[in-house]
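Me: I'd like to learn how to read a structure feature by feature. Could you walk me through one?

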Amino acid sequence: MRLCFFDSNRPNGRRLFSRISTTLALLLTSSFAYSATITVSPDQDLQQLLDNSQSGDEILLKQGEYQGNFSIKHPLTLKSIQPHKAVINSGGKGNGIYVKSEHVTLENLKVINWGDDLTEQDAGIYVDKNSHHLALINNQLQGDAFGIWVDKCDDVKVIDNTVVGNPKLRSSDRGNGIQLASVTNGIIRGNTASLVRDGLYVIASKNNTLEHNTMHDLRYGIHYMYSYDNKVQYNLSYNTRAGYALMSSRRLIVNHNVTRNSEDYGFLLNYITQSDISYNIVDHVWTKPENKVLGREGKGLFVYNSGYNTISHNIVDTAEIGIHLTAGSEKTKVFANSFINNPVQVKYVVNREEEWSKDGVGNYWSNYLGWDLNHDGRGDTPFEPNDGIDKMVWQYPEAKMLLDSPAVLILRWIQSQFPVLKPVGVKDSHPLMKPLAIDDEKDAGAMAMTENK
């Protein structure tokens, strides 16, 4: 064999070196150079075919039922030829599909009847730690425990999947629809989750985007814990206890979402900081009569122990309490929101005055009785929603029966005539005379809300 040596500093040598480098790079980086397409029928051993396939193979499933618990240990695509006609049935135990490799795509599958052990984290599709560069597209899942569980992965796409839980189980005994645990750079888009515990549950995850998802008939639509730098946008949640439960997280962007027909909360913010909650719609938050207890009222926006946030351009319509802030939730910018048809607009006990306007723009309050004599779109007198009587009722709820008594009416009149007797609280110095429209009427959230009414 003849060996050739070249000088990479000479023109011809540089060209030859470049060609060799490119060829080697292609050989080294393209692990799928010899991938194949394999068609499988239900009478074949699917697990054996998965084990014997090569990296990059595409395995196409014919119509029928494939019984068992299947694991994927190297890069490949598993796809139903006809969407949702290839059914993975796990016989009521374990995981439906267990992904243990990078570069895996699951598409058009139907997964049913996996295990119901929440402690073992049984899931229709379970993605093990470090299974990066994953795509789960247009799959249907129906079962008792978790629908999709993704653990400690980077670059994940979960798109257009449907997860349905078991309504015969108590909510606490069901798994979550889609669960992200320590996931980074994920795109969770266009999914639907219903009859599970929480639709989308995100814990210890960062730099993810959850958008255009629909969650209904469950506990929480989207539930966040200990997660930073995430986007939650253009989602729809309805028939829940809380549309969006955001807890112990920072730097969230929560825009253009819709929640309606919640029982306890439209948006629950618990220890949320440095976040933007804007351009969302909250429609009807009301505790059911059979669940009524003292102190339990539906809250459009409930802000607990959360500060340094912006709450703006939201619509809160028909909630028992429009916005409730408590437990030190200060340094929050509240402006350009519309509070409509809420029996109690604001519940907030503070020791100093809180101004709820910015740059001359306040909020719209449907019960504001002031005038706009100069026609600038803002009320001529400030809106101060809570007085000493309100605060007394919050502290002693049994006193509600006295609200319409002559004595209370006289006390309210005295406070209005002698402001020195009025305790400090929320003040909107520039209340709006009409509600503001959501920025983009064509956004997916607003459209979904209209279509589902």
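Reply: Let's go from the overall picture to ring pairs, charges over rings, a pocket and two single residues. Keep in mind that this is a predicted model.

Me: Start with the overall picture, then. How many helices and strands does the protein have?

Reply: Counting elements gives you a first map of the chain. Here the secondary structure comes to five helices and 37 strands.

Me: And what share of the residues counts as buried?

Reply: Of the 453 residues in the protein, 49% count as buried. You can also ask how far apart in sequence the contacting residues are. Among contacts with a separation of 6 or more, 48% are made by residues 24 or more positions apart.

Me: Now the aromatic rings. How many aromatic pairs are there?

Reply: The idea is to check the distance between ring centres, then the angle between the planes; over 60 degrees counts as edge-to-face, under 30 as stacked. The count comes to 10 aromatic pairs. Take Tyr 98 and Tyr 126: their centres are 5.3 Å apart and their planes are at 80°, so this pair is edge-to-face.

Me: Where in the chain do those two sit?

Reply: Tyr 98 is in strand 7 (residues 97-99) and Tyr 126 is in strand 10 (residues 123-127), so the pair links distant parts of the chain, 28 residues apart.

Me: Are they buried or exposed?

Reply: Accessibility sorts that out: under 20% is buried, over 50% is exposed, and in between is partly exposed. Tyr 98 counts as partly exposed because its relative accessibility is 24%. Tyr 126 has a relative accessible area of 8%, so Tyr 126 is buried.

Me: What about Tyr 348 and Trp 356, stacked or edge-to-face?

Reply: Stacked, because the ring planes are at 20°, with the centres 6.1 Å apart. Both Tyr 348 and Trp 356 are buried.

Me: Which residues do ring pairs link into a cluster?

Reply: Follow the pairs from ring to ring. Tyr 98 and Tyr 126 turn up again here, in a cluster with Phe 146 and Trp 149.

Me: Which charged residues lie over a ring?

Reply: For this you look at where the charged end sits relative to the ring. Arg 219 has its charged end over the ring of Tyr 220, 4.4 Å from the centre. Another case is Arg 260, which lies over the face of Tyr 238 at 4.9 Å from the ring centre.

Me: On to pockets. What lines the second largest pocket?

Reply: Read a pocket by its space, its lining and the elements behind that lining. This one holds about 260 Å³ of space. Its lining has 14 residues, with Asn 239, Thr 240, Arg 241, Glu 263 and Lys 288 nearest the centre. Strand 21 (214-225), strand 23 (236-250) and strand 25 (258-273) each give two or more residues to the lining. By class, the lining breaks down into six charged, six polar and two nonpolar residues.

Me: How would I read a single residue, say Ser 194? What is it in contact with?

Reply: Place the residue, check its burial, then list its partners. Ser 194 is in strand 18 (residues 192-194), and Ser 194 is buried because its relative accessible area is 7%. Beyond neighbours within four places in sequence, Ser 194 is in contact with Val 163, Val 164, Gly 165, His 216, Asp 217 and Leu 218.

Me: And where does Gly 377 lie?

Reply: Gly 377 lies in the loop between strand 36 (364-365) and helix 3 (388-395). At 32% relative accessibility, Gly 377 counts as partly exposed. Again setting aside neighbours within four places, Gly 377 is in contact with Asp 372, Pro 431, Leu 432 and Met 433.

How values were computed
Residues numbered from 1 in each chain as written. Predicted model: local features only at pLDDT ≥ 70, side-chain atom pairs only at ≥ 80, totals over all residues. Heavy atoms only, no water. Phe/Tyr/Trp six-rings, centres within 6.5 Å; stacked < 30°, edge-to-face > 60°. Helix = DSSP H or I, 4+ residues; strand = E, 2+ residues; numbered from the N terminus. Buried < 20%, exposed > 50% of the residue type's maximum accessible area, 1.4 Å probe, protein only. Lys NZ or Arg CZ within 6 Å of the ring centre and 35° of its normal. 1 Å grid on protein atoms, 1.4 Å probe; cavity = no way out; pocket = protein on both sides within 12 Å on 5 of 7 lines; lining within 4 Å. Points joined across faces, edges and corners; volume = space filled by probe spheres on them. Nonpolar A, V, L, I, M, F, W, Y, C, P; charged D, E, K, R; others polar. Contact = heavy atoms within 4.5 Å.
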